[in-house]
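Colleague: I'd like a close look at a single part of this one. Pick a spot and walk me outward from there, with your cut-offs spelled out as you go.

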Amino acid sequence: MVQLRMSRKQHASNGFESYGEALLGVPPIIDARQVVKTYDTGTDRVTVLKGVDFSVAPGEMVAVMGPSGCGKTTLLNCLSGLDNVDSGTIALDGADLARMSDRQRTDYRARKMGFIFQVYNLLPVLSAVENVELPLLVAGVRPRQARKQAHEALERVGLGKWANHRPARLSGGQRQRVTIARALVTNPTIVWADEPTGALDSKTAVEIMNLMRELNRRDGLTFVIVTHDPGIGDRCDRIVRMRDGQIAGVVNHDALAEVDAVATD
Ligand SMILES: Nc1ncnc2c1ncn2[C@@H]1O[C@H](COP(=O)(O)OP(=O)(O)OP(=O)(O)O)[C@@H](O)[C@H]1O
Ligand SMILES: [Mg+2]
């Protein structure tokens with residue numbers, strides 16, 4: 001128990017691989033070191049990520065915050081393997097992303113990662129359940145099984161009764177719930193969310209955050225959430241602040257407080 005009582009300053013000198021590992025004693029899902037990403041626009045080269053270290057432990061809920069243009073979406077795209085990096089290393093479940101073939105990466109993303117974006121990216125001609133089952137069908141799951149899992153995912157986000165509605169007949173909050181169901185239907189290791197509440201009114205944003213927090217606490221789903229909303233950041237375990245392509249600071253919230261509370265019992 002006593003070993004759990006560890007300040008953030010201490011963990012850095014304790015030989016642990018990452019904050020997450022120090023906190024939970026388990027290897028991180030994502031472990032990125034010194035990631036550099038440059039975009040070549042034809043006329044000039046812009047270095048958007050300038051040596052970023054970022055790791056996430058299983059079961060964590062991490063917010064990434066910072067001014068517009070500081071590189072948050074780029075970081076998310078690089079860490080999830082959607083975009084290539086110039087240098088640095090990214091390990092997913094201990095496997096080096098750079099050593100995976102395109103096919104392996106695509107497969108890893110399809111099976112282990114869920115994505116939620118500000119724009120819902122739902123297909124308008126498909127019903128909610130058809131949208132949610134799509135990633136499973138793409139991954140080769142049999143239609144009957146895919147439909148069953150899609151219904152279960154919609155139940156988990158409180159939309160069981162809306163399964164046969166098309167997106168146009170759903171509210172903004174309900175649409176975002178469908179995208180969350182679609183993100184978790186494959187039972188991913190990690191869910192990436194880029195401004196998931198950016199298009200919602202504040203009351204609906206709170207509802208969506210409550211849902212994500214519940215999925216995290218109840219089902220242990222790991223989230224990395226890019227957000228401008230301080231209300232979202234405050235409810236995550238950790239806020240990673242970015243500025244101009246670098247990590248400008250980290251704020252730890254209740255995760256560490258909970259560990260401390262256990263340790264002092
Ligand atoms: N494909 C691209 N080609 C060239 N430049 C790009 C590309 N994508 C992003 N950038 C540039 O990289 C920088 C970071 O962009 P990014 O989208 O990561 O910022 P962000 O922090 O997500 O901002 P926002 O909060 O507005 O979404 C910006 O200057 C942007 O113009
Ligand atoms: Mg962005």
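**From a strand residue to a helix**

Modeller: Let's start at Ala-248, which touches Gly-66, Arg-241, Met-242 and Arg-243, leaving out residues up to four places away in sequence; touching, or being in contact, means that two C-beta atoms, placed from the backbone, lie within 7 Å. Before going on: this is a predicted model, where local features need pLDDT of at least 70 and side-chain atom pairs count only at pLDDT 80 or more, while totals for chains, interfaces and linings use all residues. Residues are numbered from 1 along each chain as its sequence is written, and chains are lettered from A and ligands numbered from 1 in the order in which they are written.

Ala-248 sits in strand β10, residues 246-252 (helices are DSSP runs of H or I with at least four residues, strands are runs of E with at least two, both numbered from the N terminus). Its C-alpha atom is 8.8 Å from that of Gly-66, although 182 residues separate the two along the chain. Ala-248 has 13 C-beta neighbours inside 10 Å, so it counts as partly exposed; the scheme is buried at 20 or more other C-beta atoms within 10 Å, exposed at 12 or fewer, partly exposed in between, with C-beta atoms placed from the backbone.

Now over to β3, residues 61-65. Five of its five residues are buried, so the rest of the structure largely encloses β3. Met-61, Ala-63 and Met-65 point one way, Val-62 and Val-64 the other. β3 runs parallel to β8, with four bridges joining them, and Val-64 has Val-226 as its bridge partner there. Strand β9 (residues 238-243) also pairs with β3 in the parallel sense, over four bridges, with Val-62 opposite Arg-238. For the record, pairing takes at least two DSSP bridges between the strands.

β3 also helps to cover the buried residues of α8, as do α7 (172-184), β8 (222-226) and α9 (230-234), among others. Those buried residues are Ala-205, Ile-208, Met-209, Met-212, Leu-215 and Asn-216. They span an arc of only 120° around the axis, which puts them on the same side of α8; the arc is taken over directions from the helix axis to the C-beta atoms. Turned away from that side are the exposed Lys-203, Asn-210, Arg-217 and Arg-218.

As a length check, the 18 residues of α8 (202-219) should span 26 Å at 1.5 Å a residue, and the end C-alpha atoms are 25 Å apart, which agrees; the expected span is 1.5 Å times one less than the number of residues. After α8 comes Gly-220, with a positive phi near 70°.
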